[in-house]
There are 2 protein chains.
Amino acid sequence: MSSRPAKSTQPLELADAHAKGLHSIGEAAKLTGLTAKMIRHYESLGLVTPTDRTQANYRVYQTRDIYLLRFIKSARDLGFSMKQIAILASLWQDSARSSAEVKKLALEHIQEMDERIHSLQQMRKALSDLAGRCHGDERPDCPILDAIACNSCHNTD
Amino acid sequence: MSSRPAKSTQPLELADAHAKGLHSIGEAAKLTGLTAKMIRHYESLGLVTPTDRTQANYRVYQTRDIYLLRFIKSARDLGFSMKQIAILASLWQDSARSSAEVKKLALEHIQEMDERIHSLQQMRKALSDLAGRCHGDERPDCPILDAIACNSCHNTD
DNA sequence: GTTAAGGTTTACCACTGTGGTAAGGTCAAG
DNA sequence: CTTGACCTTACCACAGTGGTAAACCTTAAC
């Protein structure tokens, strides 16, 4: 009955895909909490390639792909960059990895976050000190603007 | 002798500009700690327009412009966005401003920074907890990858 | 006067990660 | 067969910065 071409290039219809437990991009989006837009973007970065395409060129995802997309989402939620996620994903799929490699990446990312936190906290402190000295009423004089302009550093010509 | 066209469109040479205490973009960059690139970018955003141009179309900055550029740099150093800086600069130059307007902007920015700090700290804590549980040796099993992949959530097919 | 070095001009492209839009093809239900 | 929801690709946008290139200007040395 099925004179299928033996290769994986059999014409695949969407209904077939559903029957086989495969997913369209919209379903993948719902299953992962990502948007279709983001999934296509991650594909363009080489992170997730759909298992197949239907006759109509629709992307078709396997359960395995869904897990990978969830992995990416979780890593994004931890603040990893796409580059770091690419490495993490390859480590994840490499059964010969060493946990030291993963931990190294994690510690580097923690340090990056520490630096950003520190920088933000410094800015926050400087600005909130200034805001604390600003009366914040209808009058124009304002320590915040004074500090930004460094009014004491020059003549206001 | 000088039959200059009376308008401000007298041909201006770079040497003239220097004699008048005016500055080229490179000098402005050195005086402010910005790059020429950034100064042109700020101009494209409508923040700083050079006072004049030389005959050769070189940008010419007045001392007043230098102060404005320093203002922008300081505000950037406090983490304000370009849009916020545009408002801050207009408030700075508006002698009828109320300090309440400035303070409101500052407090909003502080809140934005607080949110970013909080988000970073949450990610940092989650990841450092995971890293603390990762032995980080040559073995492949790794709580960090487990958590990202949520291995307990599905069968590893 | 010529030349070389370095400053300046505009106009591009890159990054990061996401959102939007548009013009078109496809699928399922009525 | 129409309608609406979905999918496709290909653009533009954000915020700031860095980079490049080709062409022009200025200055100083020779």
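Colleague: Which element supplies the largest share of the surface near DNA strand C?

Modeller: Helix 3 of chain A does, with four residues. The model is a predicted one. Helix 3 (36-44) and helix 5 (82-92) of chain A, and helix 2 (25-32) of chain B, each give at least two residues to that surface.

Colleague: What makes a residue count as near DNA strand C?

Modeller: One of its heavy atoms has to lie within 4 Å of the strand. DNA strand C is surrounded by 19 residues, and the closest are A:Lys37, A:Met82, B:Ser24, B:Tyr58 and B:Arg59. By type, the residues of this surface are seven nonpolar, six polar and six charged.

Colleague: Which part of DNA strand C accounts for the atoms within 4 Å of the protein?

Modeller: Sugar or phosphate accounts for 71% of them, and bases for the rest.

Colleague: Why is the pair between B:Ser24 and DNA strand C called a polar contact?

Modeller: The cut-off for a pair of N or O atoms is 3.5 Å. A polar side-chain atom of B:Ser24 is 2.6 Å from a phosphate oxygen of DNA strand C, so the pair falls within the cut-off. B:Arg40 has a side-chain N or O atom 2.8 Å from a phosphate oxygen of DNA strand C, and this pair qualifies too. For B:Arg53 the distance to a phosphate oxygen of the strand is 3.4 Å, which also meets the limit of 3.5 Å.

Colleague: How do you know that the buried residues of helix 2 of chain B line one face?

Modeller: Buried means under 20% relative accessible area, and B:Ile25, B:Ala28, B:Ala29 and B:Thr32 are buried in this helix. Viewed down the helix axis, they fall within an arc of 105°, so they line one face of helix 2 of chain B. Their cover includes helix 3 (36-44), strand 2 (59-60) and helix 4 (63-77) of chain B.

Colleague: What follows helix 2 of chain B?

Modeller: B:Gly33 follows, with a positive phi near 85°.

Colleague: Which residues come nearest to DNA strand D?

Modeller: A:Gly26, A:Arg59, B:Lys37, B:Tyr42 and B:Met82 do, out of 19 residues around the strand. Of the atoms of DNA strand D that come within 4 Å of the protein, 75% belong to sugar and phosphate.

Colleague: What makes the pair between A:Tyr58 and DNA strand D a polar contact?

Modeller: A polar side-chain atom of A:Tyr58 is 3.4 Å from a base oxygen of DNA strand D, and the limit is 3.5 Å, so the pair counts. A:Arg40 has a side-chain N or O atom 2.9 Å from a phosphate oxygen of this strand. B:Arg76 has a polar side-chain atom 3.4 Å from a sugar or linking oxygen of DNA strand D. Two or more residues of the surface near DNA strand D come from each of helix 2 (25-32) of chain A and helix 3 and helix 5 (82-92) of chain B. Helix 3 of chain B gives the most, four residues.

Colleague: Why is the relation between chain A and chain B called a two-fold axis?

Modeller: Chain B is superposed on chain A by a rotation of 180° with 0.0 Å of shift along the axis, at an RMSD of 0.1 Å. That is the relation of a two-fold axis. Within chain B, B:Ile117 comes closest to the rotation axis, its C-alpha being 2.9 Å away.

Colleague: How do you know that the copies meet through the same surface?

Modeller: Of the interface residues of chain B, 100% are also interface residues in chain A, so the surface is the same for both copies.

Conventions. Residues are numbered from 1 along each chain as its sequence is written. Chains are lettered from A and ligands numbered from 1 in the order in which they are written. This is a predicted model: local features need pLDDT of at least 70, side-chain atom pairs count only at pLDDT 80 or more; totals for chains, interfaces and linings use all residues. Side-chain values use heavy atoms; hydrogens and water are left out. A polar contact is a pair of N or O atoms within 3.5 Å; within protein, one must be able to donate a hydrogen and the other to accept it, and residues adjacent in sequence count only if both atoms are side-chain atoms. Ala, Val, Leu, Ile, Met, Phe, Trp, Tyr, Cys and Pro count as nonpolar, Asp, Glu, Lys and Arg as charged, and the others, Gly among them, as polar. Buried means under 20% relative accessible area, exposed over 50%, partly exposed in between (1.4 Å probe, protein chains only). The arc is that of the directions from the helix axis to the C-beta atoms. Contact means heavy atoms within 4.5 Å. Copies are superposed by least squares on the C-alpha atoms of residues with pLDDT of at least 70 in both.
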